[in-house]
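This report examines a group of residues and their surroundings. The sequence and coordinates are displayed below.

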Amino acid sequence: MCDFGRTLIVCILITGMTLTSVAQHAPATSKTATAVKEKVEGLTAQAHITVIRTGAPEEFGDFISHSQDGFTFYDVDQKQDVTLRYDEVKKIKDGYGGYNSIQGRHTDRSKGLMIALVLVGVLGALIGAAAAAK
């Protein structure tokens, strides 16, 4: 076999090994997933949390554990353990909101407070406009 043939085979083998090692690396995590992972690592067992998932309603529960890829918490409304990957979560907040007895589940109090303030503002503006028109 000539030197060119040996060189070609060595180059092909090195290229194949390089591509294989590059393909085995895990994909880089997003900034959001990294922030969620850092937040989860600071939580203690049974900590009350609010989980805001991407494209899903908020969930409220008690933190159980975490791993390299995700975390597990007990959903207090569904009464079951939920395991999520870090990239599925948009944000984690400490504590969970009050209980809405009409819906039969927990709600975020800050969101309800903001809606109430907006409604009071709109109602005040309507009353002010009606009083000014007379």
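## Loop and strand residues

Q46 occupies the loop that runs between helix 2 (31-41) and strand 1 (48-53). The model under discussion is predicted. With a relative accessibility of 53%, Q46 counts as exposed, because the threshold for that class is over 50%. The phi angle of Q46 is near 70°, a positive value in a residue other than glycine. Most residues other than glycine have a negative phi.

K79 is placed in the loop between strand 3 and strand 4 (80-85). Its phi is near 55°, again positive in a residue other than glycine. The relative accessibility of K79 is 60%, so K79 counts as exposed.

Attention now turns to the strand residues. E59 belongs to strand 2 (residues 59-66), whereas F73 is found in strand 3 (residues 70-75). D75 also lies in strand 3. The relative accessibility of E59 is 7%, and E59 is therefore classed as buried, the limit being under 20%. F73 is buried, with a relative accessible area of 0%. For D75 the relative accessible area is 1%, which means that D75 is buried.

Which side chain forms a polar contact with the side chain of E59? The partner is R53, at 3.2 Å. The side chain of D75, in turn, reaches two backbone nitrogens, that of D77 and that of Q78. The distances are listed here.

| Side chain | Partner | Distance |
|---|---|---|
| E59 | R53, side chain | 3.2 Å |
| D75 | D77, backbone nitrogen | 2.8 Å |
| D75 | Q78, backbone nitrogen | 3.0 Å |

The contacts described next leave aside residues up to four places away in sequence. E59 touches I49, T50, V51, R53, F73, D75, Q78, V82 and L84. R53 thus appears among the residues touched by E59 and as its polar partner. D75 is in contact with E59, F60, G61, Q80 and V82.

The contacts of F73 include I49, V51 and E59. F60, G61, D62, F63 and I64 are also among the residues in contact with F73, as are Q80, D81, V82 and L84. V51 and F73 are 22 residues apart along the chain, and their C-alpha atoms are separated by 9.4 Å. E59 is listed among the contacts of F73 and among those of D75; V82 likewise occurs in the contacts of F73 and of D75.

Note on methods: Residues are numbered from 1 along each chain as its sequence is written. This is a predicted model: local features need pLDDT of at least 70, side-chain atom pairs count only at pLDDT 80 or more; totals for chains, interfaces and linings use all residues. Side-chain values use heavy atoms; hydrogens and water are left out. Helices (H or I, at least four residues) and strands (E, at least two) are DSSP runs, numbered from the N terminus. Buried means under 20% relative accessible area, exposed over 50%, partly exposed in between (1.4 Å probe, protein chains only). A polar contact is a pair of N or O atoms within 3.5 Å; within protein, one must be able to donate a hydrogen and the other to accept it, and residues adjacent in sequence count only if both atoms are side-chain atoms. Contact means heavy atoms within 4.5 Å.
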